[in-house]
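Look at how the parts of this assembly meet, both between chains and inside one chain. Which residues and elements make up the contacting sides?

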4 protein chains.
Amino acid sequence: ENRARMLISCPDGPGLVAAVSQFLHEHGANIVQFDQYTMDPEGGMFFMRVEFDLDQLDDRLSNVRADFAAIADKFQMEWKLYPLKQKKKLAIFVSKEDHCLVELLWQWQAGDLDAEISMVISNHADMKEYVESFGIPYYHIPVTPDTKKEAEQKQLEIVADKVDLIVLARYMQIVSPALISPYRNRIINIHHSFLPAFVGGKPYAQAYERGVKIIGATAHYVTEELDGGPIIEQDVQRVSHRDNVNELKRIGRTIERVVLARAVKWHVEDRILVHQNKTVVFN
Amino acid sequence: ENRARMLISCPDGPGLVAAVSQFLHEHGANIVQFDQYTMDPEGGMFFMRVEFDLDQLDDRLSNVRADFAAIADKFQMEWKLYPLKQKKKLAIFVSKEDHCLVELLWQWQAGDLDAEISMVISNHADMKEYVESFGIPYYHIPVTPDTKKEAEQKQLEIVADKVDLIVLARYMQIVSPALISPYRNRIINIHHSFLPAFVGGKPYAQAYERGVKIIGATAHYVTEELDGGPIIEQDVQRVSHRDNVNELKRIGRTIERVVLARAVKWHVEDRILVHQNKTVVFN
Amino acid sequence: ENRARMLISCPDGPGLVAAVSQFLHEHGANIVQFDQYTMDPEGGMFFMRVEFDLDQLDDRLSNVRADFAAIADKFQMEWKLYPLKQKKKLAIFVSKEDHCLVELLWQWQAGDLDAEISMVISNHADMKEYVESFGIPYYHIPVTPDTKKEAEQKQLEIVADKVDLIVLARYMQIVSPALISPYRNRIINIHHSFLPAFVGGKPYAQAYERGVKIIGATAHYVTEELDGGPIIEQDVQRVSHRDNVNELKRIGRTIERVVLARAVKWHVEDRILVHQNKTVVFN
Amino acid sequence: ENRARMLISCPDGPGLVAAVSQFLHEHGANIVQFDQYTMDPEGGMFFMRVEFDLDQLDDRLSNVRADFAAIADKFQMEWKLYPLKQKKKLAIFVSKEDHCLVELLWQWQAGDLDAEISMVISNHADMKEYVESFGIPYYHIPVTPDTKKEAEQKQLEIVADKVDLIVLARYMQIVSPALISPYRNRIINIHHSFLPAFVGGKPYAQAYERGVKIIGATAHYVTEELDGGPIIEQDVQRVSHRDNVNELKRIGRTIERVVLARAVKWHVEDRILVHQNKTVVFN
């Protein structure tokens, strides 16, 4: 494959689209998909995602990067340029509830999730055999209030330099700033409510108590503020007075699975740009 | 028409369905629709809605009611029994934004809202001509911080004994306990967010700020707690990073219209039973 | 457990609800859930589903059945009465695409599908190891144009008297009247389109060709008319011009999984009554 | 306002994005929104929509157009370039059902539909007073089997050179090729079903008969094939066995209103490109 992807964020200004497209054209690249969004015509932010084909990509990529640096400097761009075949490496964190993990593994096996699942880390041993049957390493790192700090240290060592994205697939521990900081905008959590409603623990019990007529789930990047990070995707399902808390959990599991899988898919396809506490999703 | 409706709430116990259906059968009524819900098999609450046909309903209704009192006493029922042709009388409160009022009037004119619209009350004069063109009285009662108390007093006098339901169709004033108390579970408000997210003012601005991917609207009965009353209906619509606050408002207007109209329709068709802070909706 | 379920269909008439609820009350049963629907007040059909608790159900069930026969006769009822612990036995038919089978097995393992999966039958060997890892028998019965008749004969022998419901979980063979007839309203198929649009083969290719903006899936009982049987459940997802046929298939797989799982769940919980070519679903 | 919009369709080829963006940059235009879609990387079609600001647009527009012709020729482009302030002129055709007309007028009055409503044409006189109260001319042109040809001739004369878009807002007559031909891809119809299901007359009765669990509406451009033109937008709503044909119609009216209004909005904002029998919608 000779296909590559480019992601750009910068202050808006005249000539941005022309500069990038002209650059690619002069280097012989053929644009396959081009998405652009300007947050606010006056003094806002500019976001761009381009997919292009370039003959002999492997040989020429470092040159293209070097040449593009001049444009990037001129427009104060934050940018990334990857060949598509360089797949993202994932670590999936899970506790006892398996539905999100099972969904990600199923989509990955079906070829719908274009990534490498490098490892699964869990504070429980339950899923070890299942995960290893896919040939994926499983690290069982128990967490107790006393050992939380050490456990996180161990997690950090295991993932260090080995993964591009951490997916909290119903991982029921609050991750600490020590993990968040090096993985800024690279940890995706699934929260089992329609955020910002029902932050924190037991959201389905909260939803039942409040008597809502629709429940939801939210995939977001993890920040230091609990359930407060940039929202990537949400979806919902209608419920009724007949649905008790267990029924809400059952209905919710399917929403959680679908929402998390979409968010992870978009991340590994570089469709998400983060600005302040919000996401731009080119999908 | 010889059709009537019965609504019952009581503690659950054996023989409830049998007692009511036997009673109706013995009085010659033919059940047309029968909905029942028990909140919790063990020691919970029982809710029932029955529609039935009874020959010479007008002549016999007071007898049926008197006879039923014995059953109601035995099972400690709260109950209502209406002939369908006794339509509910509505007062619609509105401020400047007209979309919810227009929707209710349109549905009413199309025959989809089986109620009587007795009056419109507004703190602005804008919609006077439009409302009066339907032959509906329009009361313009300006509200300022200084005159709020008097204004509410005037509202109370106007609606007293004349309306069964007050609909706050984007009425942008907080109604006081003096109005809420006599109209407990008979004031429906449309809140322009997916409650309990974004309580209070400017919910679309809050939603934009938080970067949600879905917005919603909520129809609820008004209680003393702001936006905290029993939820009747909610609906949502997907949005994206491209939608600014004005666009959210535009998309939201259609959700608000639809959600409020459904809630009002269900209320006037006696499909809603309230228990504590939640609704049972037989729809 | 002393809980049982009763399903009734009969011509509408006065006293039906009273007769059934009185009967249950006199036999000491406590109604837990009661759903009723009359198709048309004038001369229509009456459908009822009751869940009730009855002490010493096992000992008394045959008596209850015998006693009820008199009422059933009087009102010309078609009826069923089961103890809840008598779980339905399923045969799942599958071809190469595994997503619907995986979903059913996952929901079953999670305790969300209250049935017994007695066997999986496939015209391919692909899923043998996976299915058998759950302790479920797997019958590989290849089908070619020449052997179709024999293959169906073999299928019939295997399922005979052993299963209550056949689920076609993306089984890509047309089943013959010989199989349909004994399993009338007991074979559920998932069709990968929003029926009646795109009947027959390659519905996603048809949907792409027509340029629809929403795709769907339909679970229905199988009749002799291809994709023409009573619809149980449908759901949809928005798509856009950007989605090619493969993308439609990918999006569709999740709709198919969810829709089929709901239909099967409703069937095994006796929530579906069939009348002519339509379903009444009490959910 | 100095804002303009450009729409381009052409065979895909290298350098297209660069050529257009470079052209705009050199002419001093500042791109505000840029959407692009390539149907198929190999030998497919290329579609583009650009919004840009250009100082002194009025004075310079004809020069920009003239200069762009060279690029358009080179890449065999079909293209349009409009100033945003040049609003599209609409003729709305309506019969007796008023809900779609009322919705369009309401959205137009609310400022959500950025167009000019030049006239309403109807085969009935019912809505005359209502429409004229907005200051919009109303042409009552009765249609009978005998006068259909003359009626259409009259319609053609009235709209000729005066309108850019014809909206069939539940206009219950089949329009003839004589009208379609000059308004190719400029006549939008709302069909009250989820096409391609239930083509032709009485779609709600057909939907009821088939027992579908979801109903929908479809906005499409009108072609010579009944209900067969390019689909612009669709939406759906869940229904149940409890909903009879009248209830389906009632629920459907809101879907129809919303779907038609979206399609018209997208057309007047030049968000729709038609290729063969499909639409590309940049929204």
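What follows goes through two interfaces of a predicted model, beginning inside one chain and ending between two chains.

The domain assignment splits chain A into domain 1, covering 3–83, and domain 2, covering 88–281. Between the C-alpha centres of domain 1 of chain A and domain 2 of chain A there are 31 Å. Where these domains touch, domain 1 of chain A contributes 13 residues and domain 2 of chain A contributes nine residues.

The size of an interface is often expressed as the accessible area lost when the parts come together. For domain 1 of chain A and domain 2 of chain A, the buried area is about 940 Å², and carbon and sulfur atoms give 61% of that area. On the domain 1 side, the residues that lose the most area to domain 2 of chain A are Arg5(A), Leu7(A) and Phe47(A), which together account for 43% of what that side buries.

Arg5(A) also takes part in a salt bridge: its side chain meets that of Asp270(A), with an N to O distance of 3.6 Å. The count of salt bridges between domain 1 of chain A and domain 2 of chain A is one. The rule also finds three residue pairs in polar contact across this interface, both residues of each pair being at pLDDT 80 or more.

Which strands supply the side of domain 1 of chain A that touches domain 2 of chain A? At least two residues each come from strand E1 (3–11), strand E2 (30–38), strand E3 (45–53) and strand E4 (78–83) of chain A. By class, the residues of this side are eight nonpolar, two polar and three charged.

The second interface lies between chain B and chain C, with 17 residues from chain B and 17 residues from chain C in the contact. Here the buried area is about 1,500 Å², with 53% given by carbon and sulfur atoms. How many salt bridges are there between chain B and chain C? The count is zero. Polar contacts between chain B and chain C number three residue pairs, again with both residues at pLDDT 80 or more.

On the side of chain B that touches chain C, helix H1 (16–26) and strand E2 (30–38) of chain B each supply at least two residues. E2(B) gives the largest share of that side, seven residues. Sorted by class, the side of chain B that touches chain C holds seven nonpolar, nine polar and one charged residues.

Terms used. Residues are numbered from 1 along each chain as its sequence is written. Chains are lettered from A and ligands numbered from 1 in the order in which they are written. This is a predicted model: local features need pLDDT of at least 70, side-chain atom pairs count only at pLDDT 80 or more; totals for chains, interfaces and linings use all residues. Side-chain values use heavy atoms; hydrogens and water are left out. Contact means heavy atoms within 4.5 Å. Buried area is the accessible area (1.4 Å probe) that two parts lose on being put together, summed over both. A salt bridge is a side-chain nitrogen of Lys or Arg within 4 Å of a carboxyl oxygen of Asp or Glu. A polar contact is a pair of N or O atoms within 3.5 Å; within protein, one must be able to donate a hydrogen and the other to accept it, and residues adjacent in sequence count only if both atoms are side-chain atoms. Helices (H or I, at least four residues) and strands (E, at least two) are DSSP runs, numbered from the N terminus. Ala, Val, Leu, Ile, Met, Phe, Trp, Tyr, Cys and Pro count as nonpolar, Asp, Glu, Lys and Arg as charged, and the others, Gly among them, as polar. Domain bounds come from an automatic or database domain assignment.
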